[in-house]
Amino acid sequence: MRYYVTVLNIFPLLGLGLNIVTVTNERENNLVIKQQQMNSSIDSFTHLSYVMNEFESLENWSSLCNISHTGYTDFDIVCIVKDDFSIKLSEFRNFTDKISSNIRFDLSVTCEDSVVYFPWPFRADKLNKIYIKDCRIKDYRTDYKNQLINSIPDTIKYLQMDNVTVSQRVGEFYDSISKANSAITRAAECGPENAFSIIRRGTKVKFEDLEKNCKLYDFSTALNQHNHYFNTQKRACLYNNLEVYEISGQKGNLRKNDINKIVYTDVAENLKILNFSNNGMFDTFYKMQGWQRRFPVMEYIDFSNNNIQVLPMIPDYGLAVTKNKSVVTIDLRRNNITSLTKRMIDSFSTHEFIKVDISENPFVCDCGST
């Protein structure tokens, strides 16, 4: 049998040069390890049992969703919402509030011609990942000015919305717009600031009562105040972890503020992929001048499938301003660029750290280009 000798010097504690010698045999060590493993198993079972029981108390959630234990503290919740059924994020928040602080949830919601009640920015404690597909979302803007939302921990690391329709009432939209002395919350403006990936793909907005109630509100004044607020406040969102940022497939509905904030105001020094493809944009790429200084590790910028007609000069600053030694691709395919000057062609041919892809554009061959 093996024995382990441990010598403890307690001179600093007693002011004496005394050592204590302890002898521990291998069997005792193994018993300690086994006890620790047993305690861990009990803790894991307790987590699993408690979470499952609490989830079962959510009537609509438990009937429409499957929950599975994927790790010691990790759970997956997969929901298929059909027909006249629906789920509310407020119910999920109440559920997560009761759960131990070290638990994480990944939530996936797919709809089949149905509605979910999910207010942006989908804050719920312990929510690590959220994916929403093919849903009509109601109450989307109801938390825009709710200061209590800022008090909910910002735990989302991955957010993705695919083919989502935001269904809202005119009054709800009017109340959510930033006005004098009534700004939207930081949570609503920035979304998940601790995220690694934010993807909003194919999001549409539909008003339920536009024709009936539009004339009841002074939208002209409200929108002017809203734009003034964003142009003067310059509140920067701090995306310290963000690597992927995508707003695509808006078909001409992409707001200028969505572009201006991430390009000019927000801080996202670790951003690697920026995607504004398929949005019907015309000259927005001009806003990207100097991007290398703001996004030093960028790898891919996607402005494909838009209506950009004129290509600006794109300088290559190389390693002078970036930390990225690899080649950065700027994707401008399938736009409406018809011509390039010789100066541009010469400039692109000497780029070392930037590749500009302008294929599949309707170029017109003109010997007069200079």
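Which helix gives the most to the lining of the largest pocket? In this predicted model, that element is helix 9, with five residues. The pocket itself holds about 880 Å³ of space. Its lining comprises 37 residues, and R141, Y144, R200, R255 and D258 are those that lie nearest the centre. Besides helix 9 (256-265), at least two lining residues each come from strand 10 (165-168), helix 5 (170-176), helix 6 (186-190), strand 11 (197-201), strand 12 (204-207), helix 8 (219-233) and strand 13 (244-248).

The chain as a whole contains 11 helices and 17 strands. Of its 370 residues, 45% are buried. The exposed area of the chain is about 19,900 Å², of which 51% is supplied by carbon and sulfur atoms. Among contacts with a separation of 6 or more, 78% involve residues 24 or more positions apart.

Eleven of the strands form an open sheet with mixed pairing, in the order 3-4-5-7-9-11-13-14-15-16-17. The sheet is bounded by strand 3 (65-69) and strand 17 (354-357), the edge strands, each of which pairs on one side only. On average, and with direction ignored, neighbouring strands of this sheet are turned by 10° against each other. Within the sheet, strand 5 (residues 104-112) pairs with strand 7 (residues 127-133) in the parallel sense, over six bridges. In this pairing, F105 stands opposite L127 of strand 7. Helix 4 (residues 89-97) packs on the sheet, where it touches strand 4 (74-82), strand 5 and strand 7. The direction of helix 4 makes about 160° with that of strand 5.

Strand 13, which contributes to the pocket lining, also contains V244. Beyond its neighbours within four places in sequence, V244 is in contact with F196, S197, I198, I199, L271 and I273. The C-alpha atoms of V244 and N270 are 9.0 Å apart in space, although the two residues are 26 residues apart in sequence.

Several backbone features fall in loops beside the sheet strands described above. Most residues other than glycine have a negative phi, and most peptide bonds are trans. By contrast, the peptide bond that joins W120 and P121 is cis, with omega about 10°. P121 lies in the loop between strand 6 and strand 7, and K126 is placed in the loop between strand 6 (115-117) and strand 7 as well. K126 has a positive phi, near 75°, and is a residue other than glycine.

The surroundings of K126 were examined further. K126 counts as buried because its relative accessibility is 7%, below the 20% cut-off. When neighbours within four places in sequence are left aside, the contacts of K126 are T96, D97, I99, S100, S101, I103, R104, F105 and T155. One of these, F105, is the residue that stands opposite L127. K126 and D154 are 28 residues apart in sequence, yet their C-alpha atoms are 8.5 Å apart in space.

A positive phi, of about 55°, also occurs at D83, which is not a glycine. D83 is found in the loop between strand 4 and helix 4. Is D83 buried or exposed? D83 counts as exposed because its relative accessibility is 56%, over the 50% cut-off. The two residues with positive phi thus stand in contrast: K126 is buried, whereas D83 is exposed.

Note on methods
Residues are numbered from 1 along each chain as its sequence is written. This is a predicted model: local features need pLDDT of at least 70, side-chain atom pairs count only at pLDDT 80 or more; totals for chains, interfaces and linings use all residues. Side-chain values use heavy atoms; hydrogens and water are left out. Two strands pair if DSSP finds at least two bridges between them. Helices (H or I, at least four residues) and strands (E, at least two) are DSSP runs, numbered from the N terminus. Axes are lines fitted to C-alpha atoms, for helices over the stretch in contact, and angles run from 0 to 180 degrees between N-to-C directions. Contact means heavy atoms within 4.5 Å. Buried means under 20% relative accessible area, exposed over 50%, partly exposed in between (1.4 Å probe, protein chains only). Accessible areas come from the Shrake-Rupley method with a 1.4 Å probe; for residues, only the protein chains shown count as cover. On a 1 Å grid over the protein atoms alone, a cavity is a set of points where a 1.4 Å probe fits but cannot get out, and a pocket is an open set with protein on both sides within 12 Å along at least five of seven lines; lining residues have an atom within 4 Å of a point. Grid points are joined across faces, edges and corners, and a volume is the space filled by probe spheres set on the points.
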